[in-house]
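Got your viewer open? Load the model and follow along, one selection at a time.

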Amino acid sequence: MSVLRVLFPRVLRRFPYQRAIRITLRTLHILSASILLGGHLFNQPLDALYVWLYAAMTSGVLLLLTDLYASLTILFELRGMVAVLKIGLLLMVPFFWSQRVAILVLILIIAVVSSHMTGRLRHRRIVFSSCSSIDYKKY
């Protein structure tokens, strides 16, 4: 088996309880990110927000890892590029601290819009679009 087939399988890899785990992670991610944004919006002490920052980061990374386990193809799709964009914006917060609420709101808007796109648009490959595609209805 070639390295490319391992990284980009024709059939997406799955793992036990995948759906339940992803629903749980997504719920934790939305909850913690919302509390984090609200905490910054209402000027709560930073010490009280660290737990929500770590929870949002951990759940987000774990969600991305579950997608990457299935196939690295996500990195070339719109949904993967949106995830990378959101991570990039989040990494800008320490450098633009006074604009942190605006950046976090922008991340939230991008997340909401991208998660409510049609599957066809979310899974659209932006890079290497001519490569064979995966049937996501089986995923």
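Start with helix 3. Select Leu49, Ala56, Ser59, Leu63, Thr66, Asp67, Leu68 and Ala70: these residues of helix 3 are buried. Keep in mind as you click around that this is a predicted model.

What covers those buried residues of helix 3? Show helix 2 (18-41) and helix 4 (78-92), which are among the parts that do the covering.

Now check the length of helix 3. Select residues 46-70, which make up its 25 residues, and put a distance between the two end C-alpha atoms: they are 36 Å apart. At 1.5 Å a residue the helix should span 36 Å, so the distance agrees.

Next, the aromatics. How many aromatic pairs does a search of the whole structure find? It finds three, and we'll stop at two of them.

Select Phe8 and Phe76. Their ring centres are 5.9 Å apart and their planes meet at 35 degrees, so this pair is tilted; planes under 30 degrees apart would count as stacked, and over 60 as edge-to-face. Phe8 is in the loop between helix 1 (3-7) and helix 2, while Phe76 is in the loop between helix 3 and helix 4, so the pair ties together parts 68 residues apart in sequence. Turn on the surface here: Phe8 is partly exposed, with a relative accessible area of 22%, and Phe76 is partly exposed too, with a value of 22%.

Move on to Phe15 and Tyr69. This aromatic pair is edge-to-face, with 5.9 Å from centre to centre and 70 degrees between the planes. Phe15 belongs to the loop between helix 1 and helix 2 and Tyr69 to helix 3, so here the pair ties together parts that are 54 residues apart in sequence.

Stay on Tyr69 and add Arg13. The charged end of Arg13 sits over the Tyr69 ring, 5.5 Å from the ring centre. Tyr69 itself is partly exposed, with a relative accessible area of 39%.

Finally, zoom out and colour by secondary structure. You'll see six helices and zero strands, in the order α-α-α-α-α-α along the sequence. The C-alpha atoms fill a box of roughly 50 × 30 × 25 Å along the principal axes. Of the 139 residues, 28% count as buried. Among contacts with a separation of 6 or more, 67% come from residues 24 or more positions apart. Show the whole surface to finish: about 9500 Å² is accessible, and 70% of that belongs to carbon and sulfur atoms.

Conventions: Residues are numbered from 1 along each chain as its sequence is written. This is a predicted model: local features need pLDDT of at least 70, side-chain atom pairs count only at pLDDT 80 or more; totals for chains, interfaces and linings use all residues. Side-chain values use heavy atoms; hydrogens and water are left out. Helices (H or I, at least four residues) and strands (E, at least two) are DSSP runs, numbered from the N terminus. The expected span of a helix is 1.5 Å times one less than its number of residues. Buried means under 20% relative accessible area, exposed over 50%, partly exposed in between (1.4 Å probe, protein chains only). Contact means heavy atoms within 4.5 Å. Rings of Phe, Tyr and Trp (its six-membered ring) pair if their centres lie within 6.5 Å; planes under 30 degrees apart count as stacked, over 60 as edge-to-face and the rest as tilted. A charge sits over a ring if NZ of Lys or CZ of Arg is within 6 Å of the ring centre and within 35 degrees of the ring normal. Accessible areas come from the Shrake-Rupley method with a 1.4 Å probe; for residues, only the protein chains shown count as cover.
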